[in-house]
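Please open the structure in your viewer and keep the sequence panel beside it, so that you can select residues by number as you read. Each stop below asks you to select something and then says what is there.

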Amino acid sequence: MEKPTILVVEDEPAIADTIQYALESEGFRCLRLETGAGVVEVLDSQPVALVVLDIGLPDVSGVEVCRRIRQRHDVPVIFLTARSGEVDRVVGLELGADDYVTKPFSPRELAARAKAVLRRARSGNGAPQPQPGTAFKLDEERRQITYFGKPLELSRYEYKLLAVLLKRPGRVYSRDELLELVWDAPEASLDRTVDAHVKNIRAKLRDIRHDADPIATHRGMGYSLKEGL
Ligand code: CA
């Protein structure tokens, strides 16, 4: 089978080198661009499975590049964003990216994200927001989550945390991201706050189905909801 091609658009050569190395070790072929100008031309000229797109490019912003890509191509996009918040994490996804990785990131994390996005793109119709399967039902108006037909009794943060995971099955969230997305004062919370809440949620899920463990732990990275549940 031919190696899937990933286009990496990143103006900092050291970061691009790291990304290329990580992706090539996972069996991908890498193309590189340092500016946003040529991206659409590359996509027009050859099959590309995924674009890894820096938001802070020297010529046009990654957001604008993503908009241009979306006008002509269905290819999944992962944004690279700076911790200082070049783009709000959730907004990044609304702008048409399939995922985002915040700098500094580990190459291993990016490679895992790339594989998950490609898996989702292959399995579905390429829809950026896969729906959770039948095991869970999320009722946001009532702030209620049902698991195998049984309503879960969750604390406020347990509910919010599980709801985040449910909305993007397969997406790996780091503890930092979960703190930021779920907690009101993330800076006052600790990584182990997330672990403790996941532990509680798992116990409640086990009470309903002791043999199923729908939340996956990714060592050194974080948590995701398993796909296809
Ligand atoms: Ca940059």
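The tour goes through a set of strands and then through several salt bridges in this predicted model.

**Stop one: strand β7**

Select residues 144-147, which make up strand β7, and show their side chains. Which of these side chains are buried? Ile145 and Tyr147 point to one face and are buried, while Gln144 and Thr146 point to the other face and are not. In a regular strand, the side chains alternate between the two faces of the sheet.

**Stop two: the strands beside β7**

Now add strand β6, residues 136-139, which runs antiparallel to β7 and is joined to it by 4 bridges. Within this pairing, Asp139 has Gln144 of β7 as its bridge partner. The two strands form a hairpin with 4 residues between them, and in the turn you can select Arg143, whose phi is positive at about 50°.

Next add strand β8, residues 150-151, which is also antiparallel to β7 and is joined to it by 2 bridges. Tyr147, one of the buried residues of β7, stands opposite Lys150 in β8. Here the hairpin has 2 residues between its strands, and Phe148 in the turn has a positive phi of about 45°.

**Stop three: from the β6-β7 loop to helix α6**

Select Glu140 and Lys167, which form a salt bridge with their closest N and O atoms 2.8 Å apart. Because Glu140 lies in the loop between β6 and β7 and Lys167 in helix α6 (residues 156-167), the pair ties together parts that are 27 residues apart in sequence. Glu140 is partly exposed, with a relative accessible area of 47%, and Lys167 is also partly exposed, at 37%.

**Stop four: Arg156 and Asp184**

Stay with helix α6 and select Arg156 together with Asp184, whose side chains meet in a salt bridge at 2.6 Å, N to O. Arg156 belongs to α6 and Asp184 to the loop between α7 (175-182) and α8 (191-208), so this pair ties together parts that are 28 residues apart in sequence. Arg156 is partly exposed at 46% relative accessible area, whereas Asp184 counts as exposed at 51%.

**Stop five: a salt-bridge network**

Finally, select Asp99, Glu109, Arg113, Arg171 and Glu177, which are joined into one network by salt bridges that share partners. Within this group, look at Arg113 and Asp99, whose side chains meet in a salt bridge at 3.9 Å, N to O. Arg113 is in helix α5 (residues 107-123) and Asp99 in strand β5 (residues 99-103), 14 residues apart. Are these two residues buried or exposed? Both Arg113 and Asp99 are buried.

Terms used
Residues are numbered from 1 along each chain as its sequence is written. This is a predicted model: local features need pLDDT of at least 70, side-chain atom pairs count only at pLDDT 80 or more; totals for chains, interfaces and linings use all residues. Side-chain values use heavy atoms; hydrogens and water are left out. Buried means under 20% relative accessible area, exposed over 50%, partly exposed in between (1.4 Å probe, protein chains only). Two strands pair if DSSP finds at least two bridges between them. A salt bridge is a side-chain nitrogen of Lys or Arg within 4 Å of a carboxyl oxygen of Asp or Glu.
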